[in-house]
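Here's a walk through a two-chain model, written for someone who would rather look at the picture than read a methods section. Keep the viewer open and follow along.

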Amino acid sequence: MLIYSQPLELTKLLAAIDNFLQGHLSPGWAVPVKGILVGILLLAAYAIIALALIYIERKVAAFFQARLGPNRLGKYGTIQSLADMIKILIKEVIHIRKADKLLFYAAPFFVIVASVLAFGALPFGINLHALDFNIGVFYLLAVSSLGIIGILLAGWSSNNKYSMIGAMRSGAQFISYELSAGFSLMTIVVLSGSMQFSEIIEGQRYCWNLFNGHLPAMIAFVIYLISGHAETNRGPFDLPEAESELTAGYHTEYSGLQFSFFYLSEYLNMFIVAAVAATVFLGGWMPVQIKGWEAFNQVMWYIPSWAWFFGKAGLLMFFSLWVRWSFPRLRIDLLLNLEWKYLLPINLANLLVMVVIVLSGFTLTDLFPALFGK
Amino acid sequence: MTDSTFFVVVLLAGITLVAGGLGLALLISPKSLNFQKGEPYECGLPTHGTSWMQFRVGYYLYAILFLMFDVEIIFLFPWATIVRSLGMTGLASILIFIAILSLGLAYAWKKGVLEWKSEISK
């Protein structure tokens, strides 16, 4: 296909690597080598995205507060987060007396593994994904909620009252908003009729799900963004680590690299939320396409699919930073009220409205097949 | 390679990241033993008592409510994928399902589970 073969697309490169491995190694070796390559690439992407996000967050936060932010290391302070990582690597790992040793060391594993598993399921571009399950959305919800086990373990095992309170708050907050995230993604699953990310993206070729499902989809989008913020302990929902009340919340007792694992996974979770929102609601890596305008579509395809993906996810990330520096922190009772008394009932009703709209053919693709149809 | 193989790869990658990083840090980081360092970080004063104590019940009630709705999500996802082909029958059956669960939420709400009662104000 012509549109897939443009130079910046990574599909060709990946296929060439695959062919090389198949041709030069016996089948018994090709699979493990491929597995190791995928693992290394995934971890490299994970680390690079996390470092870039930490830098961007610090810079954007600084500009919101009319400061300069990191500007000493490298041009505009670009290698600041790399230097921080190296510094944190040579910091002492402090052992806490009376802490529950096993759980204390197990906690970062849960947190990181959960976010790496979710990260692996993201579709970065055409054929640019590690996992593409046919139950993709479901899988993503399942693995990303593993992270809360790590947070609860961290808070419990530290034998510190701040950590304990932080972990309990985080637990209540995470499981509450998990429901909203699940229901709003389910609304879109009803609309697109599939849980597989590649199929959901393919279905949005001429019309994003956000517009295709108009009113219920937009409500679901807003609710997903709110619950995504809450799940990642960000923005106005950062009570578990409210530094003026709880020092650092559940990771108060963690030092050196162990602390950085929590930090890393937090940023990655933020990215995962933005990426999932971009994929499910805004068409993921699919370029903007208008039916019938073949020349326009060709031009759009010349921007590589991963650039579209990171562009859309990046916009949502910026929105998340914007929210973070615009609203004051909520109180725990207000936070839980928002979820259980407002978002959850709205979500349930919204789901039913979406089903009615889909069944009665009131989606944009059904109403105007000439303009938006597949 | 199937997706399940890749799942194992991704899982191992995650474990390797933590284990490798921690191993490297333990290897190259300084080790200076000091009795004070093992203290929990609270206010600079020695901490009183243990932190493993009874916790307010409100959090557990939310957890129980969560279980109710999370199981519902697990049930509803397969339904959501095929609701187009199920048609009105699918909508009707799920209406009953959601109505029963909403009753559960309404009951909890009425019972005051969703209120965050403060001990001080009583």
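## A loop residue to start from

Asn159(A) sits in the loop that links H6 and H7 of chain A. Keep in mind that this is a predicted model. The phi angle of Asn159(A) is near 55°, which is positive even though the residue isn't a glycine. Most residues other than glycine have a negative phi. Is Asn159(A) buried or exposed? Asn159(A) has 20 other C-beta atoms within 10 Å, so it counts as buried.

Tyr76(A) is another residue other than glycine with a positive phi, again near 55°. Look for Tyr76(A) in the loop between helix H2 (27-64) and helix H3 (80-89) of chain A. Tyr76(A) has 14 C-beta neighbours inside 10 Å, so it counts as partly exposed.

Here are these two, plus a helix residue that we'll get to below:

| Residue | Where it lies | C-beta atoms within 10 Å | Status |
|---|---|---|---|
| Asn159(A) | loop between H6 and H7 of chain A | 20 | buried |
| Tyr76(A) | loop between H2 and H3 of chain A | 14 | partly exposed |
| Leu210(A) | helix H9 of chain A | 19 | partly exposed |

## The helix just before Asn159(A)

Step back along the chain from Asn159(A) and you reach H6(A), covering residues 147-157, a helix that is mostly covered: 10 of its 11 residues are buried. Among the buried ones are Gly147(A), Gly150(A) and Gly155(A), along with Ile148(A), Leu152(A) and Trp156(A). What do the buried residues of H6(A) pack against? Their partners in chain A are helix H4 (101-120), helix H5 (136-144), H7 and helix H12 (256-281).

## The core of the model

The largest nonpolar core has 125 residues. Within this core, Phe271(A), Ala274(A) and Ala277(A) have the most contacts. The biggest contributor is helix H7 of chain A (residues 161-192), which gives 18 residues.

Ala277(A) is a handy one to click on. Setting aside neighbours within four places in sequence, Ala277(A) is in contact with Tyr224(A), Leu225(A), Gly228(A) and Leu316(A).

Leu210(A), the last entry in the table, belongs to helix H9 (residues 209-212) of chain A. Leu210(A) has 19 C-beta neighbours inside 10 Å, and a residue needs 20 or more to be called buried, so Leu210(A) counts as partly exposed. If you skip residues up to four places away in sequence, Leu210(A) touches Ala217(A), Met218(A), Phe221(A), Phe281(A) and Leu282(A). Leu210(A) and Leu282(A) are 72 residues apart in sequence, yet their C-alpha atoms are 6.4 Å apart in space.

## Chain A as a whole

Zoom out and chain A turns out to have 17 helices and zero strands. Its radius of gyration is 22 Å, close to the 21 Å that the globule rule gives for 374 residues, so chain A is as compact as a globular protein of that length. The C-alpha trace of chain A spans about 65 × 60 × 45 Å along its principal axes. Buried residues account for 49% of the 374 residues in chain A. If you take the contacts in chain A with a separation of 6 or more, 78% of them join residues 24 or more positions apart.

## Chain B and where it meets chain A

How many residues of chain B are in contact with chain A? It's 53 residues of chain B, and they meet 64 residues of chain A. On the chain B side, helix H1 (3-28), helix H2 (58-86) and helix H3 (88-111) each supply at least two residues. The largest share, 19 residues, comes from H1(B). Sorted by class, this side of chain B has 36 nonpolar, 11 polar and six charged residues.

H3(B) has 24 residues and reaches 34 Å from its first C-alpha to its last, close to the 34 Å expected at 1.5 Å a residue. H3(B) is hardly covered, with a buried count of zero among its 24 residues. Right after H3(B) comes Gly112(B), with a positive phi near 85°.

## How sure is the predictor?

For the complex, the predictor gives an ipTM of 0.86 and a pTM of 0.90. Chain B has a mean pLDDT of 81, with 93% of its residues at 70 or more. Among the elements of chain B, H3(B) has the highest mean pLDDT (87) and H2(B) the lowest (85).

Notes. Residues are numbered from 1 along each chain as its sequence is written. Chains are lettered from A and ligands numbered from 1 in the order in which they are written. This is a predicted model: local features need pLDDT of at least 70, side-chain atom pairs count only at pLDDT 80 or more; totals for chains, interfaces and linings use all residues. Two residues are in contact if their C-beta atoms, placed from the backbone, lie within 7 Å. Helices (H or I, at least four residues) and strands (E, at least two) are DSSP runs, numbered from the N terminus. Ala, Val, Leu, Ile, Met, Phe, Trp, Tyr, Cys and Pro count as nonpolar, Asp, Glu, Lys and Arg as charged, and the others, Gly among them, as polar. A nonpolar core is a set of buried Ala, Val, Leu, Ile, Met, Phe, Trp, Tyr and Cys residues joined through C-beta atoms within 7 Å. A residue is buried if 20 or more other C-beta atoms lie within 10 Å of its own, exposed if 12 or fewer, and partly exposed in between; C-beta atoms are placed from the backbone. The expected span of a helix is 1.5 Å times one less than its number of residues. The radius of gyration is taken over C-alpha atoms; the globule rule is 2.2 Å times the number of residues to the power 0.38. pLDDT is the predictor's confidence in each residue, from 0 to 100.
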